[in-house]
Amino acid sequence: MSGLEDLYREIILDHYRTPRNRGELDPPAIKAEGHNPLCGDEITVYLSLSGEGDDAVIDDIKIGGQGCSISQSSASMMSQSMKGKTVAENRALARRFKALMGIDGIEPQDGDDAIDLGDLEALEGVMKFPVRIKCAVLGWNTFLQALDAGGGTTSTE
Amino acid sequence: MAFDQTAVRKDFPILSREINDKPLVYLDSGNTSQKPQRVIDAMSHFQEHTYAPINRSSYRLAGEATDAYEKGRVAIARLINAPSVDEVVFTKNATEAMNLIAQSWGRANLGEGDVVVLTEMEHHANIVPWQMLVQERKIQIRWVPLTADGQLDLTNLDNLLDGAKVFSFTAMSNVLGTITPIAMLCERARAAGALSIVDACQFVPHNVTDVQSWGADLVAFSSHKMCGPSGIGMLWGRMEILDAMPPFLGGGNMIDTVTFDGFTTAPVPMKFEAGTPPIIEAVGLAAAVEYLEEIGMANIRQHEMELSRYTLDTLKGRFGDDITIYGPDDVKLRGGVFSFAFRDLHPHDVSQVLDERNVCVRAGHHCAKPLMQTLGVNATTRASIYLYNDTADIDALADGLDNATDIFGL
């Protein structure tokens, strides 16, 4: 059972049962939809920014959609970590998280190692279940899609 | 018991594999089936003793290899009661067979505004090839809806078929397990002047199949779901229809002659078998068919009806309102695939917890996303049985679901 306990840590189940920042934001908030064609998971990320470019601050973030405990809890923890931080800080957080998940092609930048993942560290157990890594990063890719394309649709496949 | 269950289990070497000192509980045969030793041995023996090109070279070995390949075709014709062996076309898989139909028959016979009738319980393989013709030819698709218990709602079938050129439907849903009234549907298609196409992937491995009594025009199914190897699928069709269809893929084996000016095609079935076909796989398939015939398709169906009853009673008895099993409850109307929703757990999480006990099920949309939309879900968990499954497998599934309840604190 050790493997499963690693995957379904209490903090993960807590975010799954009681997702944070659940809901929608009206325009002009940015909206992006992500889906995993493999399992049908869907996540919608809404971002409300103030300021310009990398210095813009995420005033509010909301998560919509439905999916498994890993995709939903990861997105919930992500929303908690991102609120009130700048775009640059959150891009670094995303790099750090995706590196934790062993995603290829992440180029770490100075200072990434120093970023405290907090509760997100609990998702490390996902690494033992490679099929589920896509679930864990779905919300993050959707967030990046929201920033880069100003909205739209992304896919983890 | 319709046959010696213990002996059958021993025929499948993978079923004796243990992971973390626990036995494998394989409940994903609707996805793909496991292989008996005889199929594994037949393929190995063929490669060790007889392997050579087919239909090309004149030496004895090549002749033997060609005969072995053709034995696969003979076996399939026998299994489905095809009137002629030449009506059996080998493809890469059933999906390719469906694409062959849409691209060859469809492009030759369908134009703007022509109607193809499908059902809401189709696999993507019987949807997307037609949607490609919607994009390319502007054909129209009409959908036969479902009843609340997951059967075809045929109330408006005559209206749907009115003026239709094609009626293409599944013989057994890969999600709901529903077995459709195949012969009647073929008859209704014929009465409407539409070509009848049957996706028989889930049906043929588990039932007595008689394409003549169905009265079908074209039928697609696959080897890997019926104890045979992956990499080979089947299209059966009435010769009159196959003969009139243009070729699908061009190349070696499918021609009569080629000049600088053009080509003429070989007769059916070679017309549709361009390039080197799945030779070793056809040999394994012949062994699989012989194996199934020895046990008897009627016996396999009987076993699966009994185990289906046990599955439905066990899951509904132990979990009551916490489980929703889609499709009919009457085992005479369904095969052994059970898609379900369990509490509010996501199918990925259910299958993850089941996997801890080596219970192998599929979680997701089962390549039937439109049907998921009809059911109002994103995904389901699906357990599916075959001749080698027994009540202990179903008990392990139910125990695993109890474990999921514990882990998620429900």
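Me: What makes E240(B) and R238(B) a salt bridge?
Reply: The closest N and O atoms of E240(B) and R238(B) are 3.1 Å apart. The cut-off for a side-chain nitrogen of Lys or Arg and a carboxyl oxygen of Asp or Glu is 4 Å, so the pair counts. Keep in mind that this is a predicted model.

Me: Why is E240(B) called exposed?
Reply: Exposed means over 50% relative accessible area, and E240(B) comes in at 60%, so it gets that label. Its partner R238(B) has 32% and is therefore called partly exposed, because that label covers the range between 20% and 50%.

Me: Which residues do salt bridges with shared partners join into one network?
Reply: That would be R309(B), D313(B), K316(B) and D329(B). Over all chains, the search of the whole structure finds 29 salt bridges.

Me: How do you know that R188(B) and D158(B) form a salt bridge?
Reply: Their closest N and O atoms sit 3.2 Å apart, and the limit is 4 Å, so the pair passes.

Me: What does the pair R188(B) and D158(B) tie together?
Reply: R188(B) lies in helix α7 (residues 182-191) of chain B and D158(B) in helix α6 (residues 157-161), so the pair links parts that are 30 residues apart in sequence. R188(B) itself has a relative accessible area of 24%, so it is partly exposed.

Me: What makes D6(A) and R9(A) a salt bridge?
Reply: Here the N to O distance is 3.7 Å, which is within 4 Å, so the rule accepts it. D6(A) has 22% relative accessibility and so counts as partly exposed; R9(A), at 27%, is therefore partly exposed too.

Me: Is G30(B) buried or exposed, and why?
Reply: Buried: its relative accessibility is 4%, and the label applies under 20%, so G30(B) qualifies. You'll find G30(B) in the loop between β3 (25-26) and α2 (37-49) of chain B. Leaving out residues up to four places away in sequence, G30(B) touches Q202(B), K225(B), R382(B) and S384(B).

Me: How do you know that chain B and chain A share a salt bridge?
Reply: The side chains of D349(B) and R132(A) meet with 2.9 Å from N to O, and that is within the 4 Å limit, so the pair counts. The rule finds one salt bridge across this interface, along with seven residue pairs in polar contact. The elements of chain B giving two or more residues to its side are α12 (347-355) and α14 (391-407), and α12(B) has the largest share with four residues.

Me: How many residues does the contact take from each chain?
Reply: Chain B gives 16 and chain A gives 20. Between them the two chains bury about 1,600 Å², 51% of it on carbon and sulfur atoms. On the chain B side, H348(B), Q352(B) and N378(B) supply 37% of the area buried against chain A, more than any other three residues.

Me: What are the domains of chain B?
Reply: The domain assignment gives domain 1 (41-293) and domain 2 (297-407). Their centres, taken over C-alpha atoms, are 28 Å from each other.

Me: What do domain 1 of chain B and domain 2 of chain B bury between them?
Reply: About 2,300 Å², with 62% of it on carbon and sulfur atoms. The rule finds zero salt bridges across that interface, while the count of residue pairs in polar contact is 13. The side of domain 1 of chain B that touches domain 2 divides into 15 nonpolar, eleven polar and four charged residues.

Conventions. Residues numbered from 1 in each chain as written. Chains lettered and ligands numbered in written order. Predicted model: local features only at pLDDT ≥ 70, side-chain atom pairs only at ≥ 80, totals over all residues. Heavy atoms only, no water. Contact = heavy atoms within 4.5 Å. Buried area = accessible area lost by both parts, 1.4 Å probe. Polar contact = N/O pair within 3.5 Å; in protein donor to acceptor, adjacent residues only side chain to side chain. Buried < 20%, exposed > 50% of the residue type's maximum accessible area, 1.4 Å probe, protein only. Domains from an automatic or database assignment. Nonpolar A, V, L, I, M, F, W, Y, C, P; charged D, E, K, R; others polar.
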